[in-house]
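Trainee: I'm new to this structure and would like a close look at a single part. Could you pick one helix, walk me through how it sits among its neighbours, and then follow the links outward?

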Amino acid sequence: MAQVTLSPHTQESYVTRDYPSVQELEVIAERAHSAQTLWAEVPLDDRIKIAEKFVEEFQKLSDEVATTLTAQMGRPIKQSPGEVRGTVERAKYMISIARSSLADVEFKDTYKPGFRRFIKRVPLGVVLVIAPWNYPYLTSINSVLPALLSGNSVILKPSPQTPVTGELLQKAFIAAGLPENLLQVVHLSPELAEALIKNPLVKFVSFTGSVATGHLVAKEATLADGFKGVALELGGKDAAYVREDADLDYTAAELVDGAFFNSGQSCCAIERIYVHQSKYDDFVNKFVDIAKTYKLGDPTKEDVNLGPVVNVGSADKIRKQVQDAVKAGAKPLLSEQLFPAAKEGTAFVAPQVLVDVDHNMDVMTEETFGPIVGIMKARVVSDDREALHLMNDSKYGLTASIWTNAAGDPKSEEAFLKLCDGLDVGTVFLNRCDYLDPALAWTGSKDSGRGVSLSKFGEHLTLLARLLVRKELTEWETGYDQLTRAKSVHMKIKTS
């Protein structure tokens, strides 16, 4: 059997990849296991050298990465190089903290005569990474690189929409000198993916994708033998709150980009906005004026800044969500005539700004994953408490952003920090959005998933052991990491 990848903007076949047989898949897992046992003995400094060389080799592939990414998932060609830069930034940071993150933790301050106590981090074994299509390099590197640096081997399953991405990552690692079978790329049907998740040699599964599929991955991992670990980065319905002292010119431009970049196909895209009643009309007008300047069309053209969504089925779902909202009383502010490329039966979807929305509409509660944003009526949002309630009124909890003049008024910064404490999300932004800082923990709450990537807390692909050397006993610890969850705070205080 095989999978066929269609280019979103042409609906023509781009590449075809064959699936392995069940027996071949078992051999792949066995090779990964054998390679990992040797790799775990390689000194960390040597692993780091290979990782640093990988960064160099990946940068050499920049042009190929950009053109093939546009062909596979439809991102405008002038925006695709940004994924290379982001991948390099994340890789360099994860490399820079590898030694400190993986170092033994000594207990010299509580020294006891005759004892030496310390915590080691040891690799889990074979790690399965299931990557999405929307930011395939950025999401893959979050797990692949720290897994390898930690002494694990990796089996990478790229999305069937972006199969070449995994192959180019593998190409760069091989050129960097990574030993054979430590990073294997596989293209799998859902049934084969299920079999690999259940394979006893696979010790950890890192999945990025939809909530529905995340539930299936978690279920299969739970039913498998061995109590294997699972990290799930799932959906979002990320909210923004524009306070009464926000810089509207700056804020409107940033939020349009946060809503429409990559055609809104980001787990942390801005999908709903709440505006203080005193600023509502001005904000909406500025937002719409900027949105009208976007050009929807062929993503291979340099003057296009809004490409298609991933496929026709996704386009149909997005259109229906907008139509249902309008039927329920929402008002669209963008004429589709401004975007002639948007046609039924294609993957091209016109961006839309909806007002007169409420939380009875799917467009304000269900993930859209398209260039659509709802802005709540001014009269509904009059203070921070109501905004906090509305932002938390979601089954998702990935990110949220607050827009206020923290640089000019200390009380605004205090208000931000108070809102931050009340928001049930993984990351809270001040005056920015839709950005992953590799130094901060990338995590979520509720249906946005579980686990952590990036930051020192993202080195989750190791086992913690406390060694009591004198008695030669191993004692497993739950520790604070298991009893708390990370929340990242990303503040941009000066905006001009």
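Mentor: Let's start with one helix, move to a second helix beside it, and then follow the aromatic rings and the cysteines. Keep in mind that this is a predicted model.

Find helix H11, residues 280-291. With 12 residues at 1.5 Å a residue, H11 should span 16 Å, and its end C-alpha atoms are indeed 16 Å apart, so the expected and modelled lengths agree. Now look at which of its side chains are tucked away: Tyr280, Phe283, Val284, Phe287, Val288 and Ala291 are buried. Looking down the axis of H11, you'll see these buried residues fall within an arc of 125°, so they line one face of the helix. That fits a general rule: an α-helix has 3.6 residues a turn, so residues three or four places apart point the same way.

What does that face of H11 rest on? Its buried residues pack against strand S10 (238-242), helix H10 (248-260), and strands S11 (270-275), S13 (352-357) and S14 (372-376).

So hop over to H10. Its 13 residues should span 18 Å at 1.5 Å a residue, and the C-alpha atoms at its ends are 18 Å apart, which agrees. Plenty of H10 is hidden too: Leu248, Tyr250, Thr251, Ala252, Leu255, Val256, Gly258, Ala259 and Phe260 are buried. The cover over those residues includes S10, S11, H11, S13, S14 and S16.

Tyr250 is a handy place to step outward. Here's how to read such a case: a pair of aromatic rings is described by the distance of the centres and the angle of the planes. The structure holds 8 aromatic pairs. One of them joins Trp133 and Phe369 edge-to-face, at 5.8 Å centre to centre with 85° between the planes. That pair links distant parts of the chain: Trp133 is in the loop between strand S5 (126-130) and H6, while Phe369 is in the loop between S13 and S14, 236 residues apart. Trp133 counts as buried, at 17% relative accessibility, because the cut-off for buried is under 20%.

Back to Tyr250, which forms a tilted pair with Trp403: 6.1 Å centre to centre and 50° between the planes. Since Tyr250 lies in helix H10 and Trp403 in strand S16 (residues 399-403), this pair ties together parts that are 153 residues apart in sequence. Both Tyr250 and Trp403 are buried. Elsewhere, ring pairs join Phe54, Phe58, Tyr137 and Phe173 into a cluster. There's a charged partner to spot as well: Arg432 sits over the face of Tyr435, 4.3 Å from the ring centre.

Finally, the cysteines. The count comes to 0 disulfides. Cys268 is in none, and the nearest cysteine sulfur, that of Cys267, is 4.7 Å away. A disulfide needs the two sulfur atoms within 2.5 Å, so that gap rules the bond out. Cys268 is buried, at 2% relative accessibility. For Cys420, the closest cysteine sulfur is in Cys433, 16 Å off, which is too far for a bond. Cys420 is buried as well, with 5% relative accessibility.

Technical notes
Residues numbered from 1 in each chain as written. Predicted model: local features only at pLDDT ≥ 70, side-chain atom pairs only at ≥ 80, totals over all residues. Heavy atoms only, no water. Buried < 20%, exposed > 50% of the residue type's maximum accessible area, 1.4 Å probe, protein only. Helix = DSSP H or I, 4+ residues; strand = E, 2+ residues; numbered from the N terminus. Expected span 1.5 Å × (residues − 1). Arc of directions from axis to C-beta. Contact = heavy atoms within 4.5 Å. Phe/Tyr/Trp six-rings, centres within 6.5 Å; stacked < 30°, edge-to-face > 60°. Lys NZ or Arg CZ within 6 Å of the ring centre and 35° of its normal.
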